Amino acid sequence: MNVYIIIILVYLAGLTVMNFWKSRKIKDQEDMMLAGRQISMTKMVFTLICTWIGSGTFIAGAEFAARAGWSAMWFPAGAWIGIILIYFLAAKIRSFGQFTVGDILEARYGPVARIFGAIAIIISFTVIVSYQFRAGGYILNAISDGAISTEQGMFMAFLFVTIFTAIGGMIAIANTDLPNGIIILTSTILATPLVIIAAGGWSQIRAILPDSHFEAFSREFGANPYLKIPGIGLSTLLLLLGVQSMYQKFYSARNPAEAKKAAGIWVVGTIIVETVAIVIAVFAASFFWQEIQAGSMDHAAVIVMAAKRMIWFPVGVLLLGAATAVVISTGMNYLLSPTTTMMHDIYQRFLKKKEEKKEASEKKLVLLQKGLVIIVGIVAFIMAWRMRSVLENAYFAYTIYGVAITPALLAALISKRVTRTAGLISIISGTIITLSLKVAGSVWPSIMKPAGDPNADPFGVPLIYPALAVSVLSLIVFSFFTKPPEKDVLAKFFPDEK
């Protein structure tokens with residue numbers, strides 16, 4: 001067994017022991033879902049970084065950069081804008097202080113909005129978990145020089161993520177994210193200059209990579225790159241602005257002031273990590289260009305292979321540790337979130353009938369959520385086996401969440417005029433349009449452009465545009481023609497205003 005694998009497995013074993021130890025603190029749902037609302041600002045910063053920096057950065061971002069070059073900067077740019085905007089909402093989100101975004105949706109738009117919001121969350125987050133498993137397979141395959149197959153690596157990632165989440169919930173996530181976040185920041189910053197030097201600098205990559213890799217909208221990407229590439233950035237922006245796993249972190253903070261401070265530091269950390277990850281991927285793509293063109297290296301594996309073959313061993317191990325850490329951390333965050341939705345927004349809100357003694361009820365609910373974690377993990381693992389492109393699955397997951405949840409969610413937090421009917425129609429229409437177009441592309445592959453490309457779109461038009469247009473227009477148009485919200489409803493969201 002090579003030294004890379006030994007070091008990574010020792011690290012994972014250490015995390016396992018820590019999570020078993022920390023799991024003793026779980027007494028009730030608030031501990032399982034929100035770590036007892038006692039996450040410190042330091043842990044909050046790193047858990048926010050780890051929630052967002054996942055295989056979407058190290059694998060999907062690497063795939064984008066290897067295929068399209070510097071156009072890949074659009075991918076994280078949407079998130080940067082979203083993080084800056086959410087900084088101003090962080091304290092308000094913590095003050096609302098519930099469990100899920102479904103609480104916000106129902107308070108403003110009614111119980112049906114909670115149900116459809118839950119559907120969109122469960123679908124999108126299960127997809128996100130699935131490509132964390134696929135990414136874990138890529139990483140362990142590369143680290144082991146093929147001794148561990150991609151499928152075996154996927155299974156190992158599934159086991160670690162599912163067991164960690166089921167054992168410790170948000171307490172395990174927050175404590176796991178602290179060392180993981182430190183490793184992610186340190187390794188990416190140290191690795192960047194080493195990769196640039198190994199690749200021969202700017203003049204060398206300019207000579208090797210095609211001209212399309214230096215365009216703002218690479219002509220090699222999608223049937224309509226001027227739509228596809230900004231569309232990917234737009235989908236990341238919309239996900240970030242409304243993503244439930246992030247809202248859960250703000251709910252878990254000790255108070256609104258610390259939530260806002262943590263969000264401010266998170267902005268800086270995320271911009272640094274996502275920028276250097278794209279830089280590493282582009283320079284690594286140049287270094288491995290012949291192998292990529294020959295089909296012997298997957299586009300998505302360039303950052304992982306850079307860690308093994310382009311840089312000094314200690315930094316390489318650290319970067320591989322970071323790649324493994326993001327799969328574990330992001331997988332845990334997005335696995336806990338849909339099961340929290342199932343428990344809080346569906347089971348407890350609509351299905352649970354008889355009351356039990358509080359202590360017995362809390363234990364039963366925690367046990368039930370742990371069972372749901374295992375079930376959703378298995379479903380995500382099955383989905384990972386059928387996956388062709390991490391990037392495209394990330395784009396679909398971001399889109400369905402971004403158009404179904406985010407417009408109505410933001411409107412609830414910042415607008416007094418948006419109505420119950422408008423919000424409900426926005427959520428339902430965004431979900432239906434996205435799913436319908438995705439299914440249509442599977443049923444009639446002839447409509448997908450470019451043909452045979454895993455990143456193709458129906459009729460060459462990215463899903464985000466028609467779905468977002470319908471969702472936002474529904475909010476605007478129906479708000480003009482339906483009854484304004486009652487004062488008692490608005491008081492929940494604007495308590496300081498008369």
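Me: Which residues make the nonpolar surface patch of about 720 Å²?

Reply: Val 472, Leu 473, Ile 476, Val 477, Phe 478, Phe 480 and Phe 481 make that patch. The model is predicted, and the patch is read from its coordinates like every other feature here. Val 477 is found in helix H21, which spans residues 464-481. Its relative accessibility of 38% makes Val 477 partly exposed, because a residue has to pass 50% to count as exposed.

Me: What does the protein look like as a whole, in helices and strands?

Reply: The protein has 22 helices and two strands. Of its 498 residues, 61% count as buried. The accessible surface comes to about 18,800 Å², and carbon and sulfur atoms hold 67% of that surface. Among contacts with a separation of 6 or more, 85% are between residues 24 or more positions apart.

Me: How many of the nine residues of helix H19 are buried?

Reply: Eight of the nine are buried, so helix H19 (residues 406-414) is largely enclosed by the rest of the structure. The buried residues are Thr 406, Pro 407, Ala 408, Leu 409, Leu 410, Ala 411, Ala 412 and Leu 413.

Me: Where is Trp 312 placed, in terms of helices? And is Trp 312 buried or exposed?

Reply: Trp 312 is in the loop between helix H15 (302-309) and helix H16 (313-351). With a relative accessible area of 61%, Trp 312 is exposed. Its C-alpha atom is 8.6 Å from that of Ala 191, and the two residues are 121 residues apart along the chain.

Me: How is a pair of aromatic rings described?

Reply: By two values, the distance of the centres and the angle of the planes. In this structure the count comes to 15 aromatic pairs. One of them joins Trp 70 and Phe 283: the ring centres are 6.3 Å apart and the planes stand at 75°, so this pair is edge-to-face. Trp 70 lies in the loop between helix H4 (55-68) and helix H5 (74-87), while Phe 283 belongs to helix H13 (residues 256-287), so the pair ties together parts 213 residues apart in sequence. Phe 283 is buried, with a relative accessible area of 5%.

Me: What is the geometry of the aromatic pair of Phe 155 and Phe 158?

Reply: Phe 155 and Phe 158 form a tilted pair, 5.8 Å centre to centre with 45° between the planes. The angle falls in the tilted class because it is neither under 30 degrees nor over 60. The two residues are three apart in helix H9 (residues 150-199), and about one helical turn separates them. Their exposure can be read one residue at a time. Phe 155 is partly exposed at a relative accessible area of 38%, whereas Phe 158 is buried at 10%.

Me: Which aromatic cluster includes Phe 155 and Phe 158?

Reply: Both belong to one cluster with Phe 133, Phe 381 and Trp 385.

Me: Let us turn to charges. How many salt bridges does a search of the whole structure find?

Reply: The search finds ten. In one of them the side chains of Arg 114 and Glu 106 meet, at 2.3 Å from N to O. Arg 114 is buried, with 6% relative accessibility, and Glu 106 is buried too, at 16%.

Me: Which other salt bridge does Glu 106 form, and how far apart are the closest N and O atoms?

Reply: Glu 106 forms a salt bridge with Arg 349, and the closest N and O atoms are 2.6 Å apart. Glu 106 lies in helix H7 (residues 101-109) and Arg 349 in helix H16, so the pair ties together parts 243 residues apart in sequence. Arg 349 is partly exposed, with a relative accessible area of 36%. The network of salt bridges here links Asp 103, Glu 106, Arg 114, Asp 345 and Arg 349.

Me: Which ring does the charged end of Arg 206 sit over?

Reply: The charged end of Arg 206 sits over the ring of Phe 214, 4.1 Å from the ring centre. Arg 206 also meets Asp 211 in a salt bridge, at 3.3 Å from N to O. The relative accessible area of Arg 206 is 37%, so Arg 206 is partly exposed.

Definitions and conventions. Residues numbered from 1 in each chain as written. Predicted model: local features only at pLDDT ≥ 70, side-chain atom pairs only at ≥ 80, totals over all residues. Heavy atoms only, no water. Buried < 20%, exposed > 50% of the residue type's maximum accessible area, 1.4 Å probe, protein only. Helix = DSSP H or I, 4+ residues; strand = E, 2+ residues; numbered from the N terminus. Phe/Tyr/Trp six-rings, centres within 6.5 Å; stacked < 30°, edge-to-face > 60°. Lys NZ or Arg CZ within 6 Å of the ring centre and 35° of its normal. Patch = residues over 30% accessible without salt bridge, like charges linked within 9 Å, V, L, I, M, F, W, Y side chains within 5 Å. Areas by Shrake-Rupley, 256 points an atom, 1.4 Å probe, with all protein chains shown as cover. Salt bridge = Lys/Arg side-chain N within 4 Å of Asp/Glu carboxyl O. Contact = heavy atoms within 4.5 Å.
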